[in-house]
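Me: I'm looking at this protein and I'd like a close look at one single residue in it. Could you pick a spot, tell me what surrounds it, and then zoom out to the whole chain?

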Amino acid sequence: PTEATREEMRDAKVPLAYRDSCANLLIPLNRCRFETYYLPWKCQDERHSYEKCQYVEFKKRVAKMDELRAAKDGARSN
């Protein structure tokens, strides 16, 4: 799936903290949530897709940190 543009995120009123590479999945999820009065058993497919995207992005960040840490012989930056 393609990433959401800044205009699409702005028009959908996506908070700045959630404007990442998964925002293209968050927009239809929020629309579904609004239309179904936030019923927890609705929009499960959309929620699962969004949460999986977030998990994959997290795994990428962890792998990148491990890679950077290995380059510095295991020294932590903080």
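Reply: Sure, let's start with I27. Leaving out residues up to four places away in sequence, I27 touches A4, E8, M9, A12 and V14. Keep in mind that this is a predicted model, and what follows describes that model.

Where does I27 sit? You'll find I27 in helix α2. Is I27 buried or exposed? Its relative accessibility is 13%, and buried means under 20%, so I27 counts as buried.

Now for the company I27 keeps. I27 belongs to the largest nonpolar core, a set of 12 residues. Several of the residues that I27 touches turn up there as well: A4, M9 and V14 are listed both as contacts of I27 and as members of the core. The other members are C22, A23, L26, L29, C32, C43, Y50 and C53. Two elements give two or more residues to this core, namely α2 (23-35) and α3 (44-71). Helix α2, the home of I27, supplies the largest share, with five residues. As background, nonpolar side chains in soluble globular proteins tend to be buried together.

Let's step back to the fold as a whole. The protein chain has three helices and zero strands, so reading from the N terminus the order is simply α-α-α. The radius of gyration is 16 Å, well over the 12 Å that the globule rule gives for 78 residues, so the chain is more spread out than a compact globule. The C-alpha trace spans about 50 × 30 × 25 Å along its principal axes. You can get a feel for that from I27 itself: the C-alpha atoms of I27 and D73 are separated by 41 Å, with their positions 46 residues apart along the chain.

How much of the chain is tucked away like I27? Buried residues account for 18% of the 78 residues. The accessible surface of the protein chain comes to about 6,500 Å², and carbon and sulfur atoms hold 55% of that. As for contacts between residues at least 6 apart in sequence, 29% join residues at least 24 apart.

Last, a word on charge. The chain carries 16 positive and 13 negative side chains, and the centres of these two sets lie 4 Å apart.

So, back to your single spot: I27 is a buried residue in helix α2, and it is part of the largest nonpolar core.

Terms used
Residues numbered from 1 in each chain as written. Predicted model: local features only at pLDDT ≥ 70, side-chain atom pairs only at ≥ 80, totals over all residues. Heavy atoms only, no water. Helix = DSSP H or I, 4+ residues; strand = E, 2+ residues; numbered from the N terminus. Rg over C-alpha atoms; globule rule 2.2 N^0.38 Å. Buried < 20%, exposed > 50% of the residue type's maximum accessible area, 1.4 Å probe, protein only. Contact = heavy atoms within 4.5 Å. Areas by Shrake-Rupley, 256 points an atom, 1.4 Å probe, with all protein chains shown as cover. Lys, Arg positive; Asp, Glu negative; His and termini not counted. Charge placed at Lys NZ, Arg CZ, Asp CG, Glu CD. Core = buried A, V, L, I, M, F, W, Y, C linked by side-chain atoms within 4.5 Å.
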